[in-house]
Amino acid sequence: MIGTLKAEEASQLQLVEREDVDDEEDLFEAIDKLISAGINAGDVKKLQDAGIYTCNGLMMHTKKNLTGIKGLSEAKVDKICEAAEKIVNFGYITGSDALLKRKSVIRITTGSQALDELLGGGIETSAITEAFGEFRSGKTQLAHTLCVSTQLPTNMRGGNGKVAYIDTEGTFRPDRVIPIAERFGMDPGAVLDNIVYARAYTYEHQYNLLLGLAAKMSEEPFRLLIVDSVIALFRVDFTGRGELAERQQKLAQMLSRLTKIAEEFNVAVYMTNQGSTFDQSGLPLYYKCRTRDIIADPGGGVFISDPKKPAGGHVLAHAATIRLMFRKGKGEQRVCKVFDAPNLPEAEAISFDYNSRGYCRCKGLGLEVFIDQQWQQLQSDRSK
């Protein structure tokens, strides 16, 4: 299922289509298997029209949502769910089985050796990694680097797959990807062809783009989904405290969809977030001061010491698997800190910088040396 990379005559790497890949165990079961389990083909088509392309994804929906699909009655939904439960196991498993399942997780290099070490190897699949911080702190630049490094072979710390990029702020620059691809010894044209890009203009448009990804990911070997940024359109489309509850509910639904995509297709979700002058409950800081409730901020104590908190409140905080805080350092240096992670320590900041060729670089034995070594070995093996 997972794509591989091969060397062309021009000594560049290119992604191979799914059909040319060696047989490996599928991480999900196609929704078409329901037909052999006695489900009508027309009902399966209705599920696909609703953005459900795998049995795994089907089991992630409530029966209430499924009965909302036109043409599916409660009786049909019960029959469909019963058939899906026989195909995929969504019940209890042992800790040993859970550990075995974790072996399918891939860690994608960030292009920075020091940052990879901080993250335990890189951005991991089946998880949501959130990067927040003020503007020009390196969040989007890391996204561009990941667009290329995701397409590297797994033995070169890549993800061996394609990239989906949802842009809500208009900051994606394909010309920025070209020098990064050249540095990694890859064909820039092939790299750009393996990136599917969409510009979102409303939060509804953003959510619909996520629904449309299921069809692509069920057919092609994707390994990364980038949302830059996840909160921007919500801050535009919802204004004031009167719409705050609705905004958080809609945001929670979108984040739930991102979580399901990450786990259903074993892709890494990298989303950027903006800074905020709101506290964790979504209450504006100026409002707290007006109501004399200035001690409600758990991070700032009586006086608020750092107003640059991630937007989105508790809803976004609980949805993200790994939270990274970016800030500007001296000159072109950028500082990253693990703000929250289930398996990583809350490590101190580590510095890295972006050079003129558009990729992360650190002092010492950086990724560029590792890539050169791996590329020389690959060429040597092919010449034998």
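Biologist: Before I start poking around: rings of Phe, Tyr and Trp (its six-membered ring) pair if their centres lie within 6.5 Å. Going by that, which residues do ring pairs link into a cluster?

Modeller: Tyr165, Phe172 and Tyr197. Keep in mind that this is a predicted model.

Biologist: Noted. How many aromatic pairs does the structure hold?

Modeller: It holds 7 aromatic pairs. Take Tyr165 and Tyr197: their ring centres are 6.1 Å apart and the planes meet at 45°.

Biologist: Why is that pair called tilted?

Modeller: Planes under 30 degrees apart would be stacked and over 60 edge-to-face, with the rest counted as tilted. The Tyr165 and Tyr197 planes are at 45°, so the pair is tilted. The two residues come from distant parts of the chain, with Tyr165 in strand S6 and Tyr197 in strand S7 (residues 195-199), 32 residues apart.

Biologist: Are those two buried or exposed?

Modeller: Tyr165 is buried at a relative accessible area of 1%. Tyr197 is partly exposed, at 39% relative accessibility.

Biologist: OK, what about Tyr203 and Phe238, how are their rings arranged?

Modeller: Tyr203 and Phe238 form a tilted pair as well, with 4.9 Å from centre to centre and 50° between the planes. This pair also links distant parts of the chain: Tyr203 belongs to helix H11 (residues 203-219), while Phe238 sits in the loop between H12 and helix H13 (244-265), 35 residues along.

Biologist: Why do Tyr203 and Phe238 count as buried?

Modeller: The cut-off for buried is under 20% relative accessible area. Tyr203 comes in at 15% and Phe238 at 7%, so both fall below that limit.

Biologist: Staying with rings, what sits over the ring of Phe135?

Modeller: The charged end of Lys328, 4.1 Å from the ring centre.

Biologist: Switching to backbone oddities. Where's the cis peptide bond?

Modeller: It joins Asp228 and Ser229, with omega about -5°. Ser229 is in the loop between strand S8 (222-228) and helix H12 (232-237).

Biologist: Why bother pointing that out?

Modeller: Because most peptide bonds are trans, and most residues other than glycine have a negative phi.

Biologist: Then which residues have a phi near 60°?

Modeller: Arg136 has a positive phi near 60°, and so does Asn160. Arg136 is in the loop between strand S5 (127-133) and helix H8 (139-149). Asn160 is in the loop between H8 and strand S6 (162-167), and it's buried, with 7% relative accessible area. There's also Asn266, just after H13, with a positive phi of about 55°.

Biologist: You mentioned S5. How many of its residues are buried?

Modeller: 7 of its 7. Both faces are covered: Ala127, Thr129, Ala131 and Gly133 are on one side, and Ile128, Glu130 and Phe132 are on the other.

Biologist: Which strands does S5 pair with?

Modeller: On the one hand, S5 runs parallel to strand S9 (residues 268-273), joined by 6 bridges. On the other, S5 pairs with strand S12 (residues 322-328) over 5 bridges, also in the parallel sense.

Biologist: What are the bridge partners of Glu130 and Gly133?

Modeller: Glu130 has Met271 in S9 as its partner, and Gly133 has Phe326 in S12.

Biologist: And H8, how many of its residues are buried?

Modeller: 10 of its 11. Among them are Lys139, Thr140, His144 and Cys147.

Biologist: What about the span of H13, what should it be and what is it?

Modeller: H13 has 22 residues, and at 1.5 Å a residue they should span 32 Å. The end C-alpha atoms are 32 Å apart, so the two agree.

Biologist: Which residues of H13 are buried?

Modeller: Including Leu244, Arg247, Gln248, Leu251, Met254, Leu255 and Leu258, plus Phe265 further along. As background, an α-helix has 3.6 residues a turn, so residues three or four places apart point the same way.

Biologist: Last one: Glu219. Where is it, and is it buried or exposed?

Modeller: Glu219 is in helix H11 and counts as exposed, at 53% relative accessibility. Its C-alpha is 9.5 Å from that of Ala30, although the two are 189 residues apart along the chain.

Technical notes:
Residues numbered from 1 in each chain as written. Predicted model: local features only at pLDDT ≥ 70, side-chain atom pairs only at ≥ 80, totals over all residues. Heavy atoms only, no water. Helix = DSSP H or I, 4+ residues; strand = E, 2+ residues; numbered from the N terminus. Buried < 20%, exposed > 50% of the residue type's maximum accessible area, 1.4 Å probe, protein only. Lys NZ or Arg CZ within 6 Å of the ring centre and 35° of its normal. Pairing = 2+ DSSP bridges. Expected span 1.5 Å × (residues − 1).
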